[in-house]
Amino acid sequence: MSNFGADGVRCMWMRGGTSKGGYFLQSDLPQEPSARDAFLLKVMGSPDPRQIDGMGGADPLTSKVAVIRPSSHPGIDVDFLFLQVFVDEPIVTDSQNCGNILAGVGPFAVERGLVAVRDGVSEVRVFMENTNQVAAVRFETPGGVVRYAGDAKIDGVPGRAAPVSIMFEDTAGSTCGALLPTGNTVDTIEGVQATLIDNGMPCVVMCARDLGVMGTEAPEELEQNVALRKKLESIRLAAGPLMNLGDVSKKSVPKLTMVSEPQHGGTVSTRTFIPHRCHSSIGVFGAVSVATACLLPGSPAARVAQVPVGGSKTLSIEHPTGETAVVLTCGDDGMPQRAGMLRTARKLFDGLVFVE
């Protein structure tokens, strides 16, 4: 198995939302997880902070993998396993979803002939193996061909592209087993009030000012704040067991989001560590979890958020490179029942990747 990939392995590189990575058919990869992970570390060039000997872009957002196969679940088209390949550690983890990489799964499934394509708009129903949940991905297919060019724009990505709409089903407690795994709206960890929440992504949501920062600083400035990073990691390690995640020292969850008052007319401003680098934007599921936290009375997010009224709410989650709009449909109790998101995706190349 050590020579696997020496003759090249079929792979499509795609940008999905504000991330990018390699998309593989499961049948093209080693079937044993440890052999698969060893291969993917070589593909990305990890561990190495520059990932100079691989395809990774020296950033967690560009060191991601989608593994896709036809689904055996009734009413589902494909199964999708998301893998995060660490940049500077020999770790590949399936402990989270990625809604950005999910945006490319539907187009990839059509490109590989896994699903029937429609003339106009196609919908691919995706079973997310990481959390055993379902998403419906809709995208343009005029003439039965995926269209990547278009007029949709998302912050964090230059230019415009064809829209990809994603509707999530049953995301509450995706990884932790409950929307609020501790049963509390607010927990105090290391002297800091936080909401431990999972509506698609396990997150620890805290007020930035409670951590001694404004929450509007550039990601680079926050990463250089050694005291802040040490405090955040201490909180993260303590939150892991409380969120039913166990020892998270070698996991990419939970994410850590510091919130502050919106600066540009949105709902809330965010700075997110994922978990050790400050995100240049915010992940799809992270945005859904933070938006949900804004609806919880008495939570750190609710103290600073400007939440729109109405049963169906569009919450603008501000981040360092713009904003991400989350559409939440709420029940009579005010809690979200469904979440939607607009993304874009683009095929970057299709061919063979070599590791020897």
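Phe-24 is buried, at 0% relative accessibility. This is a predicted model. Phe-39 is buried too, with a relative accessible area of 3%. Both values fall under the 20% cut-off, so both residues count as buried.

**Aromatic pairs**

The model holds five aromatic pairs. Phe-24 and Phe-39 form one of them, and that pair is edge-to-face. Phe-24 belongs to strand E2, whereas Phe-39 sits in helix H1, so the pair ties together parts that are 15 residues apart in sequence. Phe-4 joins Phe-24 and Phe-39 in one aromatic cluster.

Phe-168 and Phe-285 form another pair, with planes at 45°, so this pair is tilted. It links distant parts of the chain, 117 residues apart. Phe-168 is in strand E8 (residues 163-169) and Phe-285 is in helix H6 (residues 284-293). Phe-168 counts as buried at 1% relative accessibility. Phe-285 counts as buried at 2%.

| Aromatic pair | Centre to centre | Angle between planes | Type |
|---|---|---|---|
| Phe-24 and Phe-39 | 6.2 Å | 75° | edge-to-face |
| Phe-168 and Phe-285 | 4.6 Å | 45° | tilted |

**Helix H1**

Helix H1, which carries Phe-39, covers residues 33-44. Its twelve residues should span 16 Å at 1.5 Å a residue. The end C-alpha atoms are 16 Å apart, so the helix agrees with that expectation.

Which residues of H1 are buried? They are Ala-35, Arg-36, Asp-37, Phe-39, Leu-40, Leu-41, Val-43 and Met-44. What covers them includes several strands. Among these are E1 (9-16), E2 (19-25) and E3 (64-70). E4 (78-85), E5 (92-93) and E16 (336-353) are also included. Just after the helix, Gly-45 takes a positive phi of about 85°.

**Strand E13**

Strand E13 runs over residues 268-273. It is mostly covered: six of its six residues are buried. In a regular strand, side chains alternate between the two faces of the sheet. In E13, Val-268, Thr-270 and Thr-272 point one way. Ser-269, Arg-271 and Phe-273 point the other way. Residues on both sides are buried.

Which strands pair with E13? Strand E12 (residues 255-260) pairs with E13 in the antiparallel sense, over five bridges. Here Leu-256 stands opposite Phe-273. Strand E14 (residues 312-319) pairs with E13 in the parallel sense, over two bridges. In that pairing, Val-268 of E13 stands opposite Ile-317.

**Arg-112**

Where does Arg-112 lie? It is in the loop between helix H3 (105-111) and strand E6 (120-128). Is this loop residue buried or exposed? Arg-112 has a relative accessible area of 16%, which is under the 20% cut-off, so it counts as buried.

The side chain of Arg-112 makes a polar contact of 2.9 Å with the side chain of Asp-350. Leaving aside residues up to four places away in sequence, Arg-112 touches Arg-10, Cys-11, Met-12, Leu-25 and Asp-350.

Methods: Residues are numbered from 1 along each chain as its sequence is written. This is a predicted model: local features need pLDDT of at least 70, side-chain atom pairs count only at pLDDT 80 or more; totals for chains, interfaces and linings use all residues. Side-chain values use heavy atoms; hydrogens and water are left out. Helices (H or I, at least four residues) and strands (E, at least two) are DSSP runs, numbered from the N terminus. Buried means under 20% relative accessible area, exposed over 50%, partly exposed in between (1.4 Å probe, protein chains only). A polar contact is a pair of N or O atoms within 3.5 Å; within protein, one must be able to donate a hydrogen and the other to accept it, and residues adjacent in sequence count only if both atoms are side-chain atoms. Contact means heavy atoms within 4.5 Å. Two strands pair if DSSP finds at least two bridges between them. The expected span of a helix is 1.5 Å times one less than its number of residues. Rings of Phe, Tyr and Trp (its six-membered ring) pair if their centres lie within 6.5 Å; planes under 30 degrees apart count as stacked, over 60 as edge-to-face and the rest as tilted.
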